[in-house]
Amino acid sequence: MLVTPIDISNPESPDTLLHLYKQMLYTRIYEEKCNQIYRSGKAGGYLHVYIGMEALSSGWINALKVGWDYVITAYRDHAHALALGSDPVKIFSEIMGRSTGLSRGKGGSMHLYDPQKGLYGGWGIVGGHVPLGAGLALGAKYKKEDRVVLNFLGDGASNAGVVFESLNMAKLWNLPCIFIIENNEFAMGTRLEYHASDTELHKRGMPFGMKHERLDGMDVLQTIKDAKRIINHVREYQEPYLVEIMCYRYAGHGAADNDQALYRTKDELYKAKERDPLTKLANLIIEKNIATPQQLETMQEELEEVVEEQYAEADAAPAPEAEEVYHHIYTDMEVERGH
Amino acid sequence: MGAAESIKTNYLNALKEAIDEEMYSDQEMICLGEDIGNLGGAFGVTEGLLDKYGSDRVQDMPIAEECIVGAAVGAALTGRRVMAEMQFIDFISCGFDQIVNNLATFHYRTAGEVAMPVVIRGPAGGYGGGALYHSQMNEGWFCHSPGLKVVCPSTPYDAKGLLKSALRDPNPVIFYEIKELYRKKSLEEFIPVEDYIIPLGKASIRREGEDLTLVTYGQNVYHCLEVADKLEQEGYSVEVIDIRTLVPLDEQTINNSIKKTSRVVTVNEAPRTCGFAGEMLARVCENAFEYLDAPPARCTRLDTPVPWVKPLESFVLPTVDKIFNVCIRTLKY
Ligand SMILES: Cc1ncc(C[n+]2csc(CCOP(=O)(O)OP(=O)(O)O)c2C)c(N)n1
Ligand SMILES: [Mg+2]
């Protein structure tokens, strides 16, 4: 109920504004819980949260035909799954490696997979999923379906050779794929200007003759407008699009990142938080007398409780059986049993 | 050794010192890698190098492993000596073509005209809950590519001496660092302050024994030493060989040991099929068959991905118990 896609046909209506705020706030609380889970040792591998970037996932994913369109992204993937309406308990379970998880705990935080919602992952190898996104579009086009692919990638990932290969192919064959560069100004501890020769990453569509734009990702209402316009265009005209969305990563690179002082100042972080998409929307809601600050606070408390309950439900599941490791390596045979 | 000529160092700092000292003594050397400058590397192996040697010699690279390796090859053609870091050794697959097709073969295809003094190093291995793409040992791919040397140290002393050798080697070296050992307190040891190297291709006998030879490298060295302790309590004396270098392999040390013990078990944490544990067994069969009193055996990772959930991770990787059982079977044969 909380996270399922929102009807945004009238984004400025009081109901929609409240619903959007709720979804974004919920996502933030959920992500904070994820950080906590990781730090308590209950999640393995690595875990990366989307805090500060919620307007991007909510803005774009609500503009999709959820369940019909395809979404693929890198390892910072919880927010995408939540916005698509994946079961939050199953996401928690996946993160904690339980067999009740989306992929029976085999993928983990970085590899969420829920094709019924159109989510094709969740990918840990930087840049590796970008041609897959183009391939999803290729498959859809082949079947003459009017599906659109949202192919999310980071600013750091946009330097991978395979991204350029994918852009060329996508335009060559006019695939209905939107490459969305989430430009949060950092690739781990390396700033944009140290990793990209031209920091206007949207220009990477240029040499391929692909439409490209740089957009703000801190205002969810603007993002929804942009997303609707571009998704409609790609669906109708069957051609790829590249958008660079300016945002900022508040959290460390991953839940294990304790070295933020090495690459940014506290001041810079405070400045970025002044553009916070949640605060912005909250102010609008209050200004328009849709809700009082008190009501929004109550909403936050309720959501915190909901997230705690979802976590508790996920955590109640037992650890998987060791036997699980033998399953799903091949479709039709088992590997040799061990020692 | 006295305090003046040695300092207590962990595995990570030993590597850091090796790179620093080689950078200091060889102006031709450069370092390439993701986040190696400002951040000092994801794990801190290159910490401080940027300040010391500047961004001409310590370059933060975009996330493009194929480009990193290719650029290392190109720079080596102009006489640079290159240390290229893979942020995790798992991502070396993204630079695979450049490694096996260009780096490994350049010396050969120019009929010896050029050398390739390139070290590709990075954190490797499981047992840390890193999950599928942050836990691998993929050294087999490169042992299978003629032209590359492959190294994997297990102690701070070896880490420094072997990395220095690798950095001075005119051939390309793939250098596997065991990330679970980076900051392990119990491994800290006094290592010489003055320059030293450990030549590639020399194994180290980590424990002497008469009844069985355990041949291994990397993190499994410690599992094997523990197994040797346990077997001692059962009345068996076990020799533990840390090969340290996979290519070239010190077969003589292995064969000499087998002549003494007549029994051998190889151990590594890569998957079983086509893994280096199997390669070592094949060589034992070819070269020391007549000395064997029991079938040579191995203990490896299962042919599965590495799950991160603790009980499952140890279910697929070699553990003290599993190695112990394989040893007992071999001893009682
Ligand atoms: C091929 C590959 N190289 C390196 C890494 C290590 N790594 C993980 S995330 C990351 C930074 C990526 O930054 P960006 O694409 O901007 O995404 P963000 O984390 O900002 O969402 C790096 C270098 C990796 N996972 N895969
Ligand atoms: Mg980024």
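The following questions and answers concern the ligand site, the chain contact and the domains of a predicted model.

In this predicted model, local features need pLDDT of at least 70 and side-chain atom pairs count only at pLDDT 80 or more, whereas totals for chains, interfaces and linings use all residues. Residues are numbered from 1 along each chain as its sequence is written, while chains are lettered from A and ligands numbered from 1 in the order in which they are written.

Reader: Which chains surround ligand 1?
Author: A residue is taken as near the ligand if its C-beta atom, placed from the backbone, lies within 6 Å of it. By that criterion 21 residues surround ligand 1, with A:Val126, A:Gly154, A:Gly156, A:Ala157 and A:Ala187 the closest. The site is shared between chains because the surrounding residues come from chains A and B.

Reader: Which helix gives the most to the side of chain B that touches chain A?
Author: With contact meaning C-beta atoms, placed from the backbone, within 7 Å, 30 residues of chain B meet 36 residues of chain A. Among helices and strands, which are DSSP runs (H or I, at least four residues; E, at least two) numbered from the N terminus, those giving two or more residues to this side of chain B are H3 (65-77), H11 (310-316) and H12 (320-331). The most, 4 residues, comes from H11(B).

Reader: How far apart do the C-alpha centres of the domains of chain B lie?
Author: The bounds, from an automatic or database domain assignment, give domain 1 (7-192) and domain 2 (204-331) in chain B. The contact takes 26 residues from domain 1 of chain B and 24 residues from domain 2 of chain B, and the separation of the two C-alpha centres is 26 Å.

Conventions. Two residues are in contact if their C-beta atoms, placed from the backbone, lie within 7 Å.
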